[in-house]
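Thanks for coming. I will walk through one structure this morning, one part at a time. Please have a look at it before I start.

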Amino acid sequence: MKLDHFLAVALFAVAAPSFAQTYKIDSSHTYPSFEADHKGISFWRGKFTKTEGTITLDRAAKTGTMNITIDANSIDFGHAKMNEHAKNKDMFNVPQFPTITYVGKSMKFNGDTLVAVEGELTMLGVTKPVNLTVNKFKCIQDAMTKKEICGADASAEFKRSDFGMNYAINWGFSPDVKLAIQVEAVKSN
């Protein structure tokens, strides 16, 4: 290949347009929820009601990332006393760690279908890999706003003890946590 042809190809590659789109999390339609063992006899289920962040997605290249921030103070079990207990140092220690973050570093596709996100969860100051399974994903033109919106149902499992949340494990509580995340995001560019 001649040098001038090589330079032209290289310049085109650098100047090629990106097809990545940025989507802003719709906090009124996004709720990370979870279930955790209660004494080995039942499960407590809760959710966080305040989440923000962005998702960058290039469906043609089958790539993407995400940066999500959850307000730990927004935890809601539907039980005021449990909400307050979960915010103290035994569990989420909200005064010291007011946010939980998830950084999705790569997205996995099966054909054109988004099926997984590989990323890291930071909770209680500890960062560990947590991968999401995407159970459903779809983008549409919203009839009301005329903007593109994408939505997903994602799930994951991890051990809360990996993040230093050891409350009641010595009493027989399991450290296993199941996540179920409903998310919607609006195209911002």
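T69 is in strand β5, which covers residues 63-71. This is a predicted model, so please hear every value as computed. Is T69 buried or exposed, or something in between? Its relative accessible area is 27%, so T69 is partly exposed. The C-alpha atoms of T69 and T99 are 6.5 Å apart in space, while 30 residues separate the two in sequence. With neighbours within four places in sequence set aside, the contacts of T69 are K50, T51, E52, T99, I100 and T101.

Now the overall layout. The protein has 2 helices and 12 strands. Starting at the N terminus, the order of elements is α-β-β-β-β-β-β-α-β-β-β-β-β-β. The protein has 189 residues, and 36% of them count as buried. Among contacts with a separation of 6 or more, 52% are between residues 24 or more positions apart.

Next, D37. This residue belongs to strand β2, residues 31-38. D37 is buried and has no salt bridge. Which side chain of opposite charge is nearest to D37? That is R160, at 6.4 Å. A salt bridge needs a nitrogen and an oxygen within 4 Å, so 6.4 Å does not qualify for D37 and R160. What does the side chain of D37 reach, then? One partner is the backbone nitrogen of G40, at 3.0 Å. Another is the backbone nitrogen of S174, at 2.8 Å. Apart from neighbours within four places in sequence, D37 is in contact with S42, F43, G172, F173, S174 and D176. So S174 appears in that contact list, and its backbone nitrogen is reached by the D37 side chain.

D176 is on the contact list of D37 too, and that brings me to the salt bridges. How many does the structure hold? There are 7 salt bridges. I will go through some of them.

One is between R59 and E148, with the closest N and O atoms 2.5 Å apart. R59 is in the loop between β4 (51-58) and β5, and E148 is in strand β11, residues 148-159, so the pair links parts of the chain 89 residues apart. R59 has a relative accessible area of 35% and is partly exposed. E148, at 16%, is buried.

Another joins the side chains of K62 and D112, at 3.0 Å from N to O. This pair also links distant parts of the chain: K62 sits in the loop between β4 and β5, D112 in the loop between β7 and β8 (113-123), and they are 50 residues apart. K62 is partly exposed, at 30% relative accessibility. D112 is exposed, at 67%.

Then there is K159 with D176, where the N to O distance is 2.6 Å. K159 is in strand β11 and D176 in strand β12, residues 176-187, with their positions 17 residues apart in sequence. Both ends are partly exposed: K159 has 37% relative accessibility, and D176 has 38%.

Last, the aromatic residues. The structure holds 7 aromatic pairs. One of them is F48 with F92, an edge-to-face pair with 5.6 Å from centre to centre and 85 degrees between the planes. Which parts does the pair tie together? F48 lies in strand β3, residues 42-48, and F92 in the loop between α2 (80-87) and β7 (99-110), so the parts tied together are 44 residues apart in sequence. F48 is buried, at 5% relative accessibility. F92 is buried as well, at 9%.

F158 and F163 also form a pair: the ring centres are 5.3 Å apart and the planes stand at 80 degrees, so this one is edge-to-face. F158 and F163 are both buried.

Which residues do ring pairs link into a cluster? They are F34, W44, F48, F77 and F92. F48 and F92, the pair I described a moment ago, are therefore in that cluster.

There is also a charge over a ring. The charged end of K47 sits over the ring of Y31, at 4.7 Å from the ring centre.

That is the end of my tour.

Conventions: Residues numbered from 1 in each chain as written. Predicted model: local features only at pLDDT ≥ 70, side-chain atom pairs only at ≥ 80, totals over all residues. Heavy atoms only, no water. Helix = DSSP H or I, 4+ residues; strand = E, 2+ residues; numbered from the N terminus. Buried < 20%, exposed > 50% of the residue type's maximum accessible area, 1.4 Å probe, protein only. Lys, Arg positive; Asp, Glu negative; His and termini not counted. Polar contact = N/O pair within 3.5 Å; in protein donor to acceptor, adjacent residues only side chain to side chain. Contact = heavy atoms within 4.5 Å. Phe/Tyr/Trp six-rings, centres within 6.5 Å; stacked < 30°, edge-to-face > 60°. Lys NZ or Arg CZ within 6 Å of the ring centre and 35° of its normal.
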